[in-house]
Amino acid sequence: MPHTVEEVMTRDPVTLPEEATVVKAAKMMRDRGIGDVLVVGDGRLRGLVTDRDIVVRAVAEGRDLATTPLATLCTCDVVTVGPDHDVAEAARLMREKDVRQLPVVVDGRPVGVVALADLTLALTPGDAPSEATGDARGLTPGDAPGLTLTPDRVSGHAPAPA
């Protein structure tokens, strides 16, 4: 039963340099079937750009997608965790910061990404949390808003704005 982020994270995250264009990021997301790319400079995490960022911060503003660098539209104040971070704490951090993925870094360098759905791997079917008690590691349904856990499937969506 996994307890650390390293046990459930996706290794070798997809990264692009700060000067890469929006088009390059969009094509990479399409080709890899992902919704975000880590933005790096000198090998260190500088930010995160999502498919939504591309739509809201580039397309809707009429930017030239072929020349706009990712550094101009990525989220720079990114919440991160280390590989030895506890999965329950990572889930709480996601809830508190209202994010669906956390870059995993060592000395500022990205080594993985943990997504909300990845954290469900820490729960075996018999460990699915109940509304009243949560599970043995302290996870409760509130730690993963919009996530439904059942013994045979996991589904999720972003919570509705309050």
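This is a guided tour of a predicted model, moving from the whole chain to two helices, the nonpolar cores, one strand residue and a pocket.

**The whole chain**

Begin with the full chain coloured by secondary structure, where five helices and eight strands can be picked out. Followed along the sequence, these elements come in the pattern α-β-β-α-β-β-α-α-β-β-α-β-β. If you then colour by burial, 40% of the 162 residues count as buried. Contact lines drawn between residues at least 6 apart in sequence would show that 55% of such contacts join residues at least 24 apart.

**Helix H2**

Next select residues 22-32, which form helix H2, and show the side chains of Val22, Ala25, Met28 and Met29, which are buried. Turn the view until you look down the axis of H2: its buried residues fall within an arc of 130°, so they line one face of the helix. An α-helix has 3.6 residues a turn, so residues three or four places apart point the same way. On the other side of H2, select Arg30 and Asp31, both of which are exposed. To see what covers the buried residues of H2, add strand S2 (15-17), S3, S4 and helix H3, which are among the elements that do so. Before leaving this region, stop at Gly33, just after H2, where the backbone takes a positive phi of about 65°.

**Helix H3**

Move on to helix H3 (51-59), in which the buried residues are Asp53, Ile54 and Ala58. Viewed down the axis of H3, these buried residues fall within an arc of 100°, so they too line one face of their helix. With H2 and strand S4 (44-50) also displayed, you can see what the buried residues of H3 pack against.

**The nonpolar cores**

Which residues have the most contacts inside the largest nonpolar core? Select Leu16, Val22, Val37, Val49, Ile54 and Leu70, which hold that place in a core of 15 residues. H2, S3 and H3 each supply at least two residues of this core, and H2 gives the most to it, with four residues. Centre next on Val49, and leave aside residues up to four places away in sequence: Val49 then touches Met29, Gly35, Asp36, Val37, Val39, Ile54, Leu70, Leu73 and Cys74. A second, separate core has 14 residues, and selecting Ala90, Met94, Val114 and Leu116 will show you some of those it includes.

**Thr50 in strand S4**

From Val49, step along to Thr50, which is found in strand S4. Is Thr50 buried or exposed? Thr50 has a relative accessible area of 15% and is buried, since buried means under 20%. Apart from neighbours within four places in sequence, Thr50 is in contact with Met29, Gly35, Asp36 and Gln101. A distance drawn from Thr50 to Ala26, C-alpha to C-alpha, spans 9.0 Å, although the two are 24 residues apart in sequence.

**The second largest pocket**

Finally, switch on a surface and look for the second largest pocket, with a volume of about 260 Å³. Its lining is made by 16 residues, and Thr10, Ile34, Gly35, Asp36 and Val113 are those that lie nearest its centre. To frame the view, select strand S1 (10-11), strand S3 (36-41) and strand S6 (109-115), each of which supplies at least two residues of the lining. Coloured by class, the lining of this pocket shows eight nonpolar, four polar and four charged residues. Gly35 and Asp36, which lie among the residues nearest the pocket centre, are also in contact with Thr50.

Key
Residues numbered from 1 in each chain as written. Predicted model: local features only at pLDDT ≥ 70, side-chain atom pairs only at ≥ 80, totals over all residues. Heavy atoms only, no water. 1 Å grid on protein atoms, 1.4 Å probe; cavity = no way out; pocket = protein on both sides within 12 Å on 5 of 7 lines; lining within 4 Å. Points joined across faces, edges and corners; volume = space filled by probe spheres on them. Nonpolar A, V, L, I, M, F, W, Y, C, P; charged D, E, K, R; others polar. Core = buried A, V, L, I, M, F, W, Y, C linked by side-chain atoms within 4.5 Å. Buried < 20%, exposed > 50% of the residue type's maximum accessible area, 1.4 Å probe, protein only. Contact = heavy atoms within 4.5 Å. Arc of directions from axis to C-beta.
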